[in-house]
Amino acid sequence: MSVYILHLDSPLKHARHYVGFASKVNRRLEHHRSGSGARFTQVCNENGITYQLARVFEQADRAFERKLKNCKHTARYCPICAGEKARAYKPKG
Ligand SMILES: [Zn+2]
């Protein structure tokens, strides 16, 4: 099984990420996009918030999913956020 992070292109309330657990992440992502996945992504769809698969942890378990979900710093594990920060901190000119 894999744990995956969805990065929201714009925040839903205070959330920027969704952490999920699936055997076939791409298939699960299709469910999210079609509105048959998690309630969280249904709400994103309803609000026109797009999201993308940021990271997949192969051979992860529920305990790791739980850890990521409880952790308030999911962004640390998100390469998209890391990239945004890297750009933000780059000095100009
Ligand atoms: Zn992110």
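Right after helix α1 comes G35, and its phi is positive, near 90 degrees. That is a handy place to enter this predicted model, since the helix just before G35 has two clearly distinct sides. Helix α1 covers residues 25–34, and its buried residues are R28, L29 and H32. Around the helix axis these residues cover an arc of only 105 degrees, which puts them on the same side of α1. Turn to the other side of α1 and you will find N26, R27, E30 and S34, which are exposed. What lies over the buried residues? The cover includes strand β2 (15–22), helix α2 (39–46) and strand β3 (51–57).

Two of those covering elements are strands, so let us follow them into the sheet. The sheet is open, has 3 strands in the order β2-β1-β3, and is paired in the antiparallel sense. β2 and β3 are its edge strands, each pairing on one side only. From one strand to the next, the twist averages 25 degrees.

Now take the two pairings in turn. β1 and β3 are antiparallel partners over 6 bridges; to locate this pairing in the structure, look for V3, whose bridge partner in β3 is F57. Helix α2 packs on the sheet and touches β1, β2 and β3, while its direction makes about 30 degrees with that of β1. On the other pairing, β1 and β2 run antiparallel over 7 bridges. Here S2 is a good marker, with A22 as its bridge partner in β2.

β1 and β2 also form a hairpin with 2 residues between the strands, and in that hairpin K13 takes a positive phi near 55 degrees. K13 sits in the loop between β1 and β2, and this residue is something other than glycine despite the positive value. Is K13 buried or exposed? It counts as exposed, because K13 has 7 C-beta neighbours inside 10 Å and the limit for an exposed residue is 12 or fewer.

A second residue invites the same look. Q59, again a residue other than glycine, has a positive phi near 50 degrees. Its setting is the loop between β3 and α3 (62–70). Q59 is exposed too, with 8 other C-beta atoms within 10 Å.

From these exposed loops, we can move to the interior. Which residues make up the largest nonpolar core? There are 11 of them: V3, Y4, I5, L6, L8, Y18, V19, C44, Y51, A54 and L68. The elements giving two or more residues to this core are β1 (2–12), β2 and β3. β1 provides the largest share, with 5 residues. V3 therefore appears twice in our tour, as a member of this core and as the bridge partner of F57.

L68, also in the core, is worth a closer look for its contacts. Setting aside residues up to four places away in sequence, L68 touches V3, V19, T74 and Y77. Two of the residues listed there, V3 and V19, are core members as well.

The last stop is the stretch around A75 and C81. A75 lies in the loop between α3 and α4, whereas C81 has its place in helix α4 (residues 79–89). Both fall into the partly exposed class: A75 because it has 17 C-beta neighbours inside 10 Å, and C81 because it has 18. A residue would need 20 or more to count as buried.

The contacts of these residues link them to one another. Leaving aside neighbours within four places in sequence, A75 is in contact with R16, H17 and C81. C81, under the matching restriction, touches H7 and A75. For a sense of distance across the model, the C-alpha atoms of A75 and F57 are 15 Å apart, with their positions 18 residues apart in sequence. C81 and A60 are 21 residues apart along the chain, and their C-alpha atoms are separated by 21 Å.

Conventions:
Residues numbered from 1 in each chain as written. Predicted model: local features only at pLDDT ≥ 70, side-chain atom pairs only at ≥ 80, totals over all residues. Helix = DSSP H or I, 4+ residues; strand = E, 2+ residues; numbered from the N terminus. Arc of directions from axis to C-beta. Contact = placed C-beta atoms within 7 Å. Core = buried A, V, L, I, M, F, W, Y, C linked by C-beta atoms within 7 Å. Pairing = 2+ DSSP bridges. Axes fitted to C-alpha atoms, helices over the stretch in contact; angles between N-to-C directions.
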